[in-house]
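This report concerns the pockets of one protein model and the surroundings of one of its residues. Please consult the sequence and the structure shown here.

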Amino acid sequence: MNIDATKINLGPCFLTFDSNELGATAGGVNIIGEMKTREIKCDQSGETVLKEIVTGASLQVQTSLLEMDLAKIGLFPNVNSNTFYDGTGLDLLDVSKALVVTPVADEGVIWTIAKAALKANFTINNDSENPRALGVTFSCYPDTSATRTAYGYPIAVISELGGGS
């Protein structure tokens with residue numbers, strides 16, 4: 001088996017949410033995708049899975065923001081006038097915005113997500129050994145304004161940057 005080392009990329013990413021550059025991050029930027037499926041079995045085959053059908057997918061982006069200020073905290077959908085509200089009844093799809101994950105280096109892939117919501121599931125670390133960071137999670141949703149294909153609606157468009165991957 002041949003190995004193409006030019007397709008092995010390492011490095012941090014820039015995050016842009018609703019045209020706002022989110023600045024420095026800590027601990028990496030994690031893109032987490034999960035395909036949801038339903039196993040099909042029958043009485044005659046016992047616990048043997050005969051086939052599996054895709055029922056949906058989910059995508060999240062998680063990171064910790066180091067350049068924490070009121071403007072960044074104000075990006076949460078349940079923060080208004082520097083006040084954190086419970087957000088009961090808030091539809092995150094209604095407040096979703098574009099999220100772009102771009103490698104710092106000139107190689108790798110760009111993830112462009114048309115509809116991402118910054119969930120108010122965050123952690124702010126306050127200790128004497130590490131920089132204060134705002135841990136954030138973006139939930140990503142299908143772009144139902146795009147054309148549906150046999151694969152469903154797009155959640156993210158992945159494109160190549162530079163010469164890598």
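The text below describes two pockets and then one strand residue.

The model is predicted: local features need pLDDT of at least 70, side-chain atom pairs count only at pLDDT 80 or more, and totals for chains, interfaces and linings use all residues. Residues are numbered from 1 along each chain as its sequence is written, and side-chain values use heavy atoms, with hydrogens and water left out.

A pocket is an open set of points on a 1 Å grid where a 1.4 Å probe fits, with protein on both sides within 12 Å along at least five of seven lines; lining residues have an atom within 4 Å of a point. A volume is the space filled by probe spheres set on the points, which are joined across faces, edges and corners.

| Pocket | Volume | Residues nearest the centre |
|---|---|---|
| Largest | about 370 Å³ | G56, A57, Y151, Y153 and I155 |
| Second largest | about 210 Å³ | G11, C13, P103, V109 and W111 |

The lining of the largest pocket comprises 18 residues, and β4 (51-65) gives the most, with 4 residues. Strands here are DSSP runs (E, at least two residues), numbered from the N terminus. The second largest pocket is lined by 15 residues; β3, β7 (97-103) and β8 (108-125) each supply at least two of them.

S139 lies in strand β9 (residues 133-141). S139 counts as buried because its relative accessibility is 9%, the limit being under 20% (1.4 Å probe, protein chains only). Its C-alpha atom is 4.8 Å from that of Q60, although the two residues are 79 apart along the chain.

Key
Buried means under 20% relative accessible area, exposed over 50%, partly exposed in between (1.4 Å probe, protein chains only).
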